[in-house]
Amino acid sequence: MKLRPENTAGTVLLSLLLLISSTTTQSHNITRILAKHPELSTFNHYLTLTHLAAEINQRTTITVCAVDNAAMNELLAKKPSIYTIKNILSLHVLLDYFGAKKLHQITNGTALAATMFQATGTASGSSGFVNITDLKGGKVGFGAEENDGVLSASFVKSVEEIPYNISVIQISKVLPSNVAEAPTPGPSQLNLTGIMSAHGCKVFAETLLASDAEKTYDDNIDGGLTVFCPEDDVFKAFLPKFKNLTAAGKTALLEYHGVPVYQSLATLKSNNGVMNTLATEGANKYDFTVQNDGEDVTLKTKATTAKITGTLLDEQPVAIFTIDKVLLPRELFKAEAPNPAPAPAPEEAADAPATPKKKKKKAAPAPEDGDSDAPADSPDDAADQTADDNNGAVRFDGVRYVPAGLALLWVVLLL
């Protein structure tokens with residue numbers, strides 16, 4: 001029996017629609033998932049506070065073993081530091097997918113799962129693994145592998161499952177682990193200027209040490225800090241301009257290279273937009289724009305465009321990146337106007353023919369340091385650019401409405 005053409009077309013379109021819809025269901029947000037369950041609110045809060053939520057959202061094939069508020073209160077009663085809490089909770093994030101069905105069908109009745117705590121390198125031996133074992137009566141036990149096979153917690157329920165992407169389950173207790181619960185030194189012990197000096201940012205580091213801005217950097221380490229450090233040759237060449245700034249201007253420029261939030265390189269590569277800095281205060285915005293293009297990340301101001309060239313440190317809650325230019329805030333620096341094109345020599349003007357001859361347009365000299373205040377283009381160029389922009393918008397909208405269009409066409413073909 002031959003298939004009717006319209007049925008064949010409908011089958012193809014249906015397959016395309018299923019493919020498109022499947023690509024839009026892969027992302028997850030652990031904070032939103034747990035927000036639906038008030039009894040897990042304390043666990044959810046500390047995932048955010050320790051920055052584990054952002055790491056979970058960037059991973060796939062993962063299982064989060066949440067505990068209720070009562071279990072979290074028992075943990076908090078011991079008054080661990082926020083860094084110790086992070087280690088303990090990271091032991092509850094399994095680097096494999098375990099839905100309710102899989103938990104009750106474990107091969108050989110037991111499995112050993114690696115955790116996010118083990119992935120940090122802080123855990124030694126088997127301390128970063130969790131033992132999962134099927135028990136009688138349909139129960140499933142959980143225990144830190146370092147505890148000689150003691151299963152201290154049990155499976156309570158499935159909270160939410162996105163098959164083979166993320167599974168969020170509830171277990172009865174916090175998993176005890178001497179290694180995870182050990183006191184953890186805070187990042188405030190980090191020597192920021194020492195790290196920068198040892199990796200090609202000595203000039204910037206020494207300038208920071210001699211400024212009041214150093215204390216601002218140190219005060220933000222515990223809460224999260226991202227530093228964009230100009231390379232030595234770049235900042236050394238900038239020093240004459242830096243010395244001409246007022247004392248307040250020098251402090252503001254140094255603080256302009258720090259952001260009071262931890263931003264990993266992966267986060268910077270996946271997010272565009274305006275970012276405030278340590279120098280931001282009220283009407284004095286002192287912000288810049290982060291833009292990414294594949295693996296490249298640029299920081300744009302009105303006066304300059306810098307590119308991230310390396311990573312000195314990228315471990316919560318501190319990240320330090322090197323950049324190839326000094327960031328110039330518009331509050332302190334104005335974009336330099338390009339030099340005008342030279343007028344024709346008198347001899348050339350005298351020899352010119354009587355009938356005016358259309359001259360070729362000369363391109364305006366490109367401003368230095370990624371000047372975003374370059375002169376406006378000619379009307380023709382503006383029209384071309386508008387057309388290009390419109391074409392881009394049409395292409396974007398076309399992609400945006402492909403699923404709806406395909407669905408409508410499929411329905412018509414089936415009628």
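I will start with one residue: K86 is buried, at a relative accessible area of 19%. Buried here means under 20% relative accessible area, exposed means over 50%, and partly exposed is in between, with a 1.4 Å probe and protein chains only. K86 sits in helix 6, residues 82-90. Helices (H or I, at least four residues) and strands (E, at least two) are DSSP runs, numbered from the N terminus. Leaving aside neighbours within four places in sequence, K86 is in contact with T50, L52, E55 and Q316, where contact means heavy atoms within 4.5 Å.

A word on the source. This is a predicted model, in which local features need pLDDT of at least 70 and side-chain atom pairs count only at pLDDT 80 or more, while totals for chains, interfaces and linings use all residues. Residues are numbered from 1 along each chain as its sequence is written, and side-chain values use heavy atoms, with hydrogens and water left out.

Now the chain as a whole. The protein chain has 18 helices and 14 strands. It has 415 residues, and 37% of them count as buried. Among contacts with a separation of 6 or more, 64% are between residues 24 or more positions apart. The exposed surface of the protein chain is about 23300 Å², with 55% of it supplied by carbon and sulfur atoms; these areas come from the Shrake-Rupley method with a 1.4 Å probe.

Next, the sheets. One open sheet is formed by seven strands in the order 2-1-7-6-5-4-3, with mixed pairing. Two strands pair if DSSP finds at least two bridges between them. The edges of this sheet are strand 2 (93-94) and strand 3 (110-114), each of which pairs on one side only. Strand 1, residues 62-66, runs antiparallel to strand 2, and two bridges join them. One pairing there puts V64 with its bridge partner V93 in strand 2.

Another open sheet has seven strands in the order 9-8-14-13-12-11-10, and its pairing is also mixed. At its edges stand strand 9 and strand 10 (273-275); each has a single partner strand, so one side of each has no neighbour in the sheet. Strand 10 is joined to strand 11, residues 288-293, by three bridges, and the two run antiparallel. M275 stands opposite F288 in strand 11.

Strand 8 of that sheet deserves a slide. Why is strand 8 described as largely enclosed by the rest of the structure? Six of the six residues of strand 8, residues 225-230, are buried, so the description follows. L225, V227 and C229 point one way, T226, F228 and P230 point the other way, and all are buried. Strand 8 runs parallel to strand 14, residues 318-323, with six bridges between them. It runs antiparallel to strand 9, residues 258-259, with two bridges. V227 appears in both pairings: its bridge partner in strand 14 is I320, and in strand 9 V227 stands opposite G258.

On to helix packing. Helix 11, residues 202-209, has V203, F204, A205, T207 and L208 buried. These buried residues pack against helix 10 (192-197), helix 12 (213-219), strand 8, helix 13 and helix 14.

Helix 13 (residues 232-243) and helix 14 (residues 247-255) also meet each other: their axes come within 10 Å and cross at roughly 145°. Axes are lines fitted to C-alpha atoms, for helices over the stretch in contact, and angles run from 0 to 180 degrees between N-to-C directions. Helix 13 contributes F235, F238, F242 and K243 to the contact, and helix 14 contributes K250, L253 and L254.

Then the cores. A nonpolar core is a set of buried Ala, Val, Leu, Ile, Met, Phe, Trp, Tyr and Cys residues joined through side-chain atoms within 4.5 Å. The largest has 48 residues, of which I30, F43, L47, I56, I132 and F142 touch the most other members. A second, separate core has 30 residues, including I221, C229, L245 and L313.

Last, two backbone details. T61 is not a glycine but has a positive phi of about 55°. T61 lies in the loop between helix 4 (52-57) and strand 1, and at 35% relative accessibility it counts as partly exposed. K79, also a residue other than glycine, has a positive phi near 55°. K79 is in the loop between helix 5 (69-76) and helix 6. Is K79 buried or exposed? At 73% relative accessibility, K79 counts as exposed.
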